[in-house]
Amino acid sequence: MSLTDQQHHLQLRVRDAEAALLRIIGTIERRSFRVRRFSATPNAHGDWDVQVSVSGSRPIHTLQGQLEKLYDCISLAPSDSAHA
Amino acid sequence: MNASQWLIKAMLAEGVDTLFGYPGGAIMPFYDALYGSDMRHILVRHEQAAAFAANGYARASGKVGVCVATSGPGASNLVTGMADALLDSVPMVCITGQVASPLIGTDAFQELDVYGLTLPIVKHSFLVRHLHELPEVVREAFRIARSDRPGPVLIDLPKDIQIADASELPAYVPAPVQQREAAPDAAVQAAAALLASAKQPVLYAGGGVVLAEAEAQLRSFVDATGLPSTLTLKGLGALPAAHPHLLGMIGMHGTHGANLAVHEADVLLVVGARFDDRATGKLSEFAPNAEVIHMDADAAELSKLRHADVALPGNLRLNLQHLQQALLAHGDNTALPAWRDVCQQRRDSHAARYDAPGSGVYAPALLKRLSELAPDAVVACDVGQHQMWVAQHWRLQRARNHLTSGGLGAMGFGLPAAIGAQLQNPQGQVVCVSGDGSFMMNVQELATLYRYNIPVKIVLLDNQVLGMVRQWQTLFFDERHSEIDLSDNPDFAELAKVFRITSRSLRDASDMDAALAELLAHDGPMLLHVHIDSKANVWPLVPPNSNNTQMLDMHINTDAPLPPPDADDDSHVPQPMATEEVCA
């Protein structure tokens with residue numbers, strides 16, 4: 001993590017579909033952020049609740065916009081901490 | 001009815017009339033279902049060409065293009081065409097056969113994880129694990145491919161699913177087309193106020209206008225507001241080439257008029273464009289004094305690379321209409337006429353010249369002439385110098401008439417894309433402009449032209465070198481010309497004849513009009529092999545890591561710098577480049 005990097009926490013609801021979690025992680029890395037913490041838990045709706053902490057030097061909204069476009073991303077919100 | 005037969009019926013219901021593909025082991029049940037069906041299938045000679053042909057079909061028509069391949073190498077050969085569709089937002093559905101479900105994950109013959117392989121280059125993808133998923137998969141695949149910002153969608157279909165009994169599947173119903181909402185009125189009013197008070201406003205429009213089918217709205221906006229306007233490579237044709245307010249293309253090979261106007265703009269209205277590095281040059285020095293109004297259907301593009309002072313997400317057509325109404329309500333912008341005059345004078349004083357010395361064919365002059373002879377033609381380019389010459393000199397009237405691999409820059413795109421474009425409009429004129437490097441990447445598709453008698457006209461600009469690479473090596477790598485020599489090219493006119501395609505060679509400018517007339521009049525496919533100067537360059541050129549005012553420009557004889565067109569304007573003077581600053 002470089003000195004200019006900032007850490008961000010995101011909370012996502014993700015469809016339980018083939019490679020859905022890979023798409024999330026791949027998008028994070030391809031958009032020049034690094035995954036610092038990642039957890040995924042099945043929820044009562046049959047989807048994944050995902051908490052992810054990322055670091056990067058780019059504005060976080062540039063990543064959020066790309067994640068929100070993923071078909072398997074049902075919702076996304078910034079979170080205050082890695083344990084949200 | 002099995003699932004393959006059901007799938008073909010579903011695609012017919014989606015309006016698909018043509019598939020581009022190549023059969024093989026894991027897709028054989030699908031090809032068996034094609035036999036005797038109402039679906040037209042074009043057998044290409046390489047799967048990459050299937051993807052590019054579907055891509056060209058989609059670009060020219062706005063409809064979803066569909067390509068088909070088998071598992072393993074068939075699937076991997078589609079990859080370049082899929083990536084091209086992602087980067088240029090082309091609606092495509094790519095169907096690949098997969099080994100039977102019990103064999104997935106066993107390293108079976110021609111098993112390839114195409115689903116995993118293509119994750120970063122698709123808008124979305126599906127691996128059909130169960131027959132009952134198929135209707136929803138197909139419906140969603142077509143909806144996703146064409147909706148919002150279009151793109152490629154993969155359907156990976158295991159062989160056992162293809163032959164499964166589908167008699168219990170429901171009749172297929174396509175998903176309804178959903179219109180996006182317009183931007184909030186407050187944002188539209190803010191944008192209008194900014195433009196109304198601007199002293200030096202400029203409009204910069206891109207391919208998003210084409211994707212949104214908003215050409216009419218853009219033309220109405222520019223006509224009504226009189227904003228000096230520039231287009232990106234992908235936006236070319238959204239305003240006709242001779243439009244009085246059009247300053248030309250922006251960016252690395254853009255015009256002086258466009259690049260200088262944008263650099264000096266105090267308000268920049270960006271419509272369906274994304275601040276691509278080939279358009280902006282050095283981003284930190286792009287339009288340094290401008291407040292930005294950014295209108296784009298893809299919200300993720302807003303403030304991605306350049307902060308938007310006013311963001312207008314959503315429906316591009318509605319947003320253009322609303323902004324036009326709101327801006328006109330402010331009354332005349334009294335500063336605009338003088339600024340427009342400056343822009344237009346600068347454009348005119350730097351207009352391209354076609355008076356090349358010597359008796360050889362000057363490619364820009366040929367392309368300009370051909371576009372005048374065939375004003376309604378679709379032109380499909382390959383990638384390299386000829387691609388930029390088309391962008392600069394072809395007098396485009398309509399954006400969907402310009403098929404160019406803008407984002408990926410994929411050599412080999414041109415001929416198959418032209419095939420796709422011709423098949424979606426059999427009565428139209430389609431021209432493929434290629435270079436000797438690019439052409440050899442999908443040369444096998446001459447066989448497809450012959451088989452189906454597809455009347456694509458090929459203009460092969462042969463400089464016996466990888467010209468764009470040579471130009472960069474000359475300018476930025478101390479003339480160390482590494483691996484660019486193609487002087488042992490075949491005789492392309494003879495090569496075409498081997499494929500039973502009519503051909504002609506052209507060497508002298510004095511024969512140009514006759515050769516072009518013969519080409520356009522020929523009934524069926526034809527190749528015109530044009531010999532051009534191996535040292536010709538594309539000018540102007542903004543060097544890497546430079547801002548768009550730092551254009552290099554040379555006279556068409558490639559030796560003498562152009563005389564200053566304006567004593568007060570030294571922006572054309574070549575700027576020295578430090579080698580360590582060079583990056584592609």
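**Strands, a pocket and a cavity in a predicted model**

Me: Which residue in β18(B) is the bridge partner of Leu506(B)?
Reply: Happy to start there, with the reminder that this is a predicted model. Strand β17 (residues 502-506) of chain B runs parallel to β18(B), and 5 bridges join the two. In β18(B), the residue paired with Leu506(B) is Val530(B).

Me: Which helix makes a right-handed β-α-β unit with β17(B) and β18(B)?
Reply: β17(B) and β18(B) are parallel strands. The unit they form with a helix is right-handed, and that helix, spanning residues 512-521 of chain B, is α23.

Me: Which residue stands opposite Met526(B) of β18(B)?
Reply: Here we turn to another partner of β18(B), strand β16 (residues 457-462) of chain B. These two strands pair in the parallel sense over 6 bridges. Opposite Met526(B) stands Lys457(B).

Me: Which residues point one way from β18(B), and which the other way?
Reply: In a regular strand, side chains alternate between the two faces of the sheet. β18(B) covers residues 526-531, and 6 of its 6 residues are buried. Met526(B), Leu528(B) and Val530(B) point one way, while those pointing the other way are Leu527(B), His529(B) and His531(B).

Me: Is His531(B) buried or exposed?
Reply: His531(B) sits in strand β18 of chain B, and its side chain makes a polar contact of 3.5 Å with the side chain of Arg507(B). Its relative accessible area is 17%. The cut-off is under 20%, so His531(B) counts as buried.

Me: What strand of chain B is joined to β11(B) by 4 bridges?
Reply: β11(B) takes in residues 291-296, and 5 of its 6 residues are buried. Strand β10 (residues 267-271) of chain B pairs with β11(B) in the parallel sense over 5 bridges, with Val267(B) opposite Glu291(B). Another parallel partner has Ala311(B) as the bridge partner of His294(B). The strand with those 4 bridges to β11(B), at residues 310-313, is β12.

Me: Which element gives the most residues to the lining of the second largest pocket?
Reply: This pocket holds about 1400 Å³ of space. Among its 45 lining residues, the closest to the centre are Arg31(A), Gln66(A), Lys69(A), Asp298(B) and Ala300(B). At least two lining residues each come from α1 (20-30) and α2 (60-69) of chain A and from α5 (79-87) and α7 (134-146) of chain B. With 6 residues, the element that gives the most is α2(A).

Me: How many residues in the lining of the second largest pocket are charged?
Reply: The lining divides into three classes, with 18 nonpolar and 10 polar residues in two of them. The charged residues number 17.

Me: How many cavities of 30 Å³ or more does a search of the whole structure find, and about how much space lies in the largest cavity?
Reply: Rolling a probe the size of a water molecule over the atoms shows where empty space is left. The search finds 1 cavity of 30 Å³ or more, and the space in the largest cavity is about 190 Å³.

Me: Where does the largest share of the lining of the largest cavity come from?
Reply: Of the 17 residues that line this cavity, Arg59(B), Val210(B), Lys234(B), Arg400(B) and His402(B) are the closest to its centre. Two or more lining residues come from each of α3 (47-61), α10 (207-211) and β14 (402-403) of chain B. By class, the lining has 9 nonpolar, 4 polar and 4 charged residues. The largest share, 3 residues, comes from α10(B).

Terms used: Residues are numbered from 1 along each chain as its sequence is written. Chains are lettered from A and ligands numbered from 1 in the order in which they are written. This is a predicted model: local features need pLDDT of at least 70, side-chain atom pairs count only at pLDDT 80 or more; totals for chains, interfaces and linings use all residues. Side-chain values use heavy atoms; hydrogens and water are left out. Buried means under 20% relative accessible area, exposed over 50%, partly exposed in between (1.4 Å probe, protein chains only). Two strands pair if DSSP finds at least two bridges between them. A crossover is right-handed if, with the strands pointing away from the viewer, the path from the first strand over the helix to the second runs clockwise. On a 1 Å grid over the protein atoms alone, a cavity is a set of points where a 1.4 Å probe fits but cannot get out, and a pocket is an open set with protein on both sides within 12 Å along at least five of seven lines; lining residues have an atom within 4 Å of a point. Grid points are joined across faces, edges and corners, and a volume is the space filled by probe spheres set on the points. Ala, Val, Leu, Ile, Met, Phe, Trp, Tyr, Cys and Pro count as nonpolar, Asp, Glu, Lys and Arg as charged, and the others, Gly among them, as polar. A polar contact is a pair of N or O atoms within 3.5 Å; within protein, one must be able to donate a hydrogen and the other to accept it, and residues adjacent in sequence count only if both atoms are side-chain atoms.
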